[in-house]
Amino acid sequence: MNNTPTGEHSLQLADRSRLSLSGVEDVTGFDETTVLVKTTMGTLVIGGEELHIEKIDPDTGTLRLDGRISELCYHDASPAVSVWKRLFG
């Protein structure tokens with residue numbers, strides 16, 4: 001799923017039970033409580049209960065998910081750089 005047409009990423013959450021995403025590059029893991037999605041803006045961790053991927057379209061980079069969604073958390077795509085490395089490079 002690396003052919004997303006644009007670098008844009010958006011999400012729409014309805015009633016904490018239906019989530020639509022764009023800018024999806026890959027789904028790196030999933031089960032009924034956690035879904036890990038690589039997006040154009042970093043990795044998105046979706047937490048909840050009874051999570052199910054309803055539809056995924058690699059051509060458009062979109063994903064639809066349903067279940068009881070309780071957490072949305074982004075992890076930056078760039079690796080962490082230590083303060084010492086930034087100062088003394």
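This passage walks through a predicted model of one protein chain, from the overall fold down to a patch on its surface.

Start with the big picture. The protein chain contains 1 helix and 6 strands. Following the sequence from start to end, the elements come in the pattern β-β-β-β-β-β-α, with the helix written at the end of that pattern. The protein chain has 89 residues, and 26% of them are buried. Its accessible surface comes to about 6000 Å², with carbon and sulfur atoms accounting for 51% of that area. Contacts also link parts of the chain that are well separated in sequence: among those between residues at least 6 apart, 42% join residues at least 24 apart.

Next, the sheet. The 6 strands make an open sheet, and its order is β1-β2-β6-β5-β4-β3, with antiparallel pairing. Strands β1 and β3 sit at the edges, where each pairs on one side only. Going from one strand to the next, the twist averages 40°. Notice that the order in the sheet puts β6 between β2 and β5.

Strand β4 is a handy place to zoom in, with β5 on one side and β3 on the other in the sheet order. On the β3 side, the two strands pair in the antiparallel sense over 5 bridges, and they form a hairpin with 3 residues between them. Two pairs of residues help to trace this hairpin: F30 has V35 of β4 as its bridge partner, while D26 stands opposite K38 in β4. On the other side, β4 and β5 are also antiparallel, this time over 6 bridges. They too form a hairpin, with 2 residues between them. Here T39 is found opposite G42 in β5.

Strand β4 has two faces as well. V35, V37 and T39 lie on the covered face, whereas T34, L36 and K38 make up the uncovered one. Put this next to the pairings: V35, the partner of F30, belongs to the covered face, while K38, the residue opposite D26, belongs to the uncovered face.

That leaves the outside of the protein. L11, L13, M41, L72 and Y74 form a nonpolar patch on the surface, and together they have about 430 Å² of accessible area. Two elements each give two or more residues to this patch, namely β1 (residues 10-14) and β6 (residues 62-75). M41 comes from elsewhere: its place is in the loop between β4 (34-39) and β5 (42-57). M41 counts as exposed because its relative accessibility is 51%, and the cut-off for that label is over 50%.

L72, another member of the patch, is found in strand β6. With a relative accessibility of 34%, L72 counts as partly exposed, since that label covers values between the buried limit of 20% and the exposed limit of 50%. Setting aside neighbours within four places in sequence, L72 is in contact with L11, L13, L19, L44, V45 and I46. Two of these contacts, L11 and L13, are themselves patch members. V45 is an example of a partner from another part of the sequence: L72 and V45 are 27 residues apart along the chain, yet their C-alpha atoms are separated by 5.8 Å.

Key. Residues numbered from 1 in each chain as written. Predicted model: local features only at pLDDT ≥ 70, side-chain atom pairs only at ≥ 80, totals over all residues. Heavy atoms only, no water. Patch = residues over 30% accessible without salt bridge, like charges linked within 9 Å, V, L, I, M, F, W, Y side chains within 5 Å. Areas by Shrake-Rupley, 256 points an atom, 1.4 Å probe, with all protein chains shown as cover. Salt bridge = Lys/Arg side-chain N within 4 Å of Asp/Glu carboxyl O. Helix = DSSP H or I, 4+ residues; strand = E, 2+ residues; numbered from the N terminus. Buried < 20%, exposed > 50% of the residue type's maximum accessible area, 1.4 Å probe, protein only. Pairing = 2+ DSSP bridges. Axes fitted to C-alpha atoms, helices over the stretch in contact; angles between N-to-C directions. Contact = heavy atoms within 4.5 Å.
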